[in-house]
Amino acid sequence: MSEIKTQTQEEPDTALPEINKTSQIVIKDLWKVFGRDSKRVLGKKYKDLSKDEIQEKTGCIVGLRDINLEIKKGEFYILMGLSGSGKSTLIRNLIRLVNSSSGSIEINGKNLTKMKQEELIEFRRQTYGMVFQHYGLLPHQTVLDNAAYGLKVRGIVKETRYEKASKVLETVGLKGWENYYPGSLSGGMQQRVGLARALVNDPEILLMDEPFSGLDPLIKRQMQDELIELQDKLQKTIIFVTHDLHEALKLGDRIAILRNGEVVQVGTPEEIVTQPADGYIQEFIRDASPAKVITARSIMEPAKILLYAWEGPKTALTLLRANKRRGAFIVDKSHKLLGVAQEDKLEKLLIKPGKVEIIPKSALRQVTSVSPDTILEDIFSIIIKNPYPVPVVDENNKLLGVVTSDQIFESISPMEGEDNV
Ligand SMILES: Nc1ncnc2c1ncn2[C@@H]1O[C@H](COP(=O)(O)OP(=O)(O)OP(=O)(O)O)[C@@H](O)[C@H]1O
Ligand SMILES: [Mg+2]
């Protein structure tokens with residue numbers, strides 16, 4: 001997630017280790033055809049026909065067509081597409097609630113499609129948590145029992161499962177609700193129970209099929225924020241189905257868009273919004289705000305005037321005047337940003353008795369910097385208060401580049417060819 005900091009802030013010493021982003025789920029040439037004698041659809045005669053033609057000629061329905069995807073460990077992966085495009089079928093294949101017609105799914109290097117029933121059941125319990133749109137809670141069991149359900153079916157003793165379930169209920173903000181029944185909870189709270197139930201086994205992978213689509217908008221937004229926070233802590237691999245573009249852009253590290261059972265585009269929210277693959281996707285992103293997805297990384301440029309502190313006030317002043325600039329970014333020898341040198345302060349340094357060789361940090365103006373992942377929307381408020389471009393720094397405060405207001409407006413102006421009246 002993006003981060004804005006002022007230069008004077010200390011680096012937190014509790015930084016999380018880089019998560020291992022190797023592919024955890026590898027889907028290859030996956031097909032799912034529903035209907036009688038569906039295997040024949042995979043033969044030469046029908047395979048290349050459209051979904052409608054196949055249905056007309058064979059009565060079979062193509063749920064998924066030749067899906068190839070790789071999902072990384074710790075990734076928040078979104079599946080989007082119109083109704084009937086295959087999102088639920090894909091998610092159900094990932095846990096083999098539906099068996100594929102051909103192709104393979106590897107999870108942590110194990111071929112799911114080849115697993116025997118017993119192995120599959122154990123693998124499912126260990127690996128997955130699933131959250132559905134319609135909570136799927138047991139109405140005659142308490143919130144605590146619902147959350148503990150996954151442990152009960154694994155034969156875990158009552159005391160241990162209640163202890164774990166209580167903990168996970170606390171994580172999702174339901175402490176104090178353990179002994180209530182689902183019917184007395186609001187929709188948002190019921191879905192928190194659903195989430196707690198999915199998390200109780202501490203699964204590596206969370207499958208979420210439109211979990212928030214039944215909630216009203218305010219609660220939905222709150223649940224999204226909480227899920228982002230939770231994911232920051234838990235770093236699960238999440239496969240999340242949604243119809244809602246704003247939800248996808250807000251939550252997703254990457255988004256795969258499906259149409260008629262096929263993957264049409266895979267990309268980061270920024271890639272999807274700025275480089276839609278075709279008209280279908282353009283239609284999808286019509287209401288998307290580029291300012292919410294374009295990051296500092298993709299529009300930053302080198303600072304026009306950049307000086308090392310030891311180059312001294314005289315050089316800085318000369319450069320400022322020659323370039324008619326109000327400020328120059330000053331860095332130390334390891335390229336860490338020290339601040340902005342301004343004309344008046346530099347002049348003062350020069351009239352001081354004694355030769356000033358290095359520009360001292362005390363003579364520099366401290367400016368707000370952003371991380372490369374900061375979205376434009378968050379840079380707006382900084383740039384309007386700031387007479388300089390916004391510096392982009394890495395986690396060690398090294399200056400990577402700057403974002404100017406010109407670049408911002410250029411990047412969010414309508415795309416070429418778009419109706420611009
Ligand atoms: N059990 C089934 N039997 C026959 N066809 C099915 C079955 N399940 C799904 N399909 C078909 O597979 C295609 C994909 O359906 P799926 O439910 O995966 O779509 P979806 O993208 O999840 O849609 P929605 O947004 O409406 O939930 C559809 O054409 C659907 O009719
Ligand atoms: Mg569905």
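Biologist: Which residue of strand 9 is the bridge partner of Leu79?

Modeller: Val241 is the bridge partner of Leu79. A word on what we are looking at: this is a predicted model, where local features need pLDDT of at least 70, side-chain atom pairs count only at pLDDT 80 or more, and totals for chains, interfaces and linings use all residues. Residues are numbered from 1 along each chain as its sequence is written, while chains are lettered from A and ligands numbered from 1 in the order in which they are written.

Biologist: What makes strand 4 and strand 9 a pair?

Modeller: Two strands pair if DSSP finds at least two bridges between them. Strand 4 (residues 76-81) is joined to strand 9 by four bridges, so the condition is met, and the two run parallel. Ile78 stands opposite Phe240 of strand 9. Strands here are DSSP runs of E with at least two residues, helices are runs of H or I with at least four, and both are numbered from the N terminus.

Biologist: How do you know that strand 8 pairs with strand 9, and in which sense do they run?

Modeller: Five bridges join strand 8 (residues 205-209) to strand 9, and they run parallel. Leu206, for instance, stands opposite Ile238. Between these two strands the chain passes through helix 8 (residues 217-234), in a right-handed β-α-β crossover. With the strands pointing away from the viewer, right-handed means that the path from the first strand over the helix to the second runs clockwise.

Biologist: Why is strand 9 called largely enclosed?

Modeller: Five of the five residues of strand 9 (residues 237-241) are buried, so the rest of the structure largely encloses this strand. Buried means that 20 or more other C-beta atoms, placed from the backbone, lie within 10 Å of the residue's own. Thr237, Ile239 and Val241 point one way and Ile238 and Phe240 the other, and all are buried. In the protein, buried residues make up 36% of the 421 residues.

Biologist: What is the strand order of the open sheet, and why are strand 7 and strand 11 called edge strands?

Modeller: The six strands follow the order 7-8-9-4-10-11, with mixed pairing. Strand 7 (128-131) and strand 11 (262-267) each pair on one side only, which puts them at the edges.

Biologist: Which strands does strand 2 pair with, and in what sense?

Modeller: Strand 2 (residues 23-34) runs antiparallel to strand 3, with eight bridges; Val33 has Val62 as its bridge partner there. Strand 5 (residues 102-107) also pairs with strand 2 in the antiparallel sense, over five bridges, and Val26 stands opposite Glu106.

Biologist: What makes up the shell around ligand 1?

Modeller: Its residues are Phe34, Ile61, Gly63, Gly81, Ser83, Gly84, Ser85, Gly86, Lys87, Ser88 and Thr89. A residue is near the ligand if its C-beta atom, placed from the backbone, lies within 6 Å of it. Helix 3 gives the largest share, three residues, and strand 3 (61-72) and helix 3 (87-94) each supply at least two.

Biologist: How does this shell divide into nonpolar, polar and charged residues?

Modeller: Two are nonpolar, eight polar and one charged. Gly counts as polar in this scheme.

Biologist: Which domains does the protein have, and how many Å separate their centres?

Modeller: The domain assignment gives domain 1 (23-290) and domain 2 (297-411), and their centres, taken over C-alpha atoms, are separated by 45 Å.

Definitions and conventions
Domain bounds come from an automatic or database domain assignment. A residue is buried if 20 or more other C-beta atoms lie within 10 Å of its own, exposed if 12 or fewer, and partly exposed in between; C-beta atoms are placed from the backbone.
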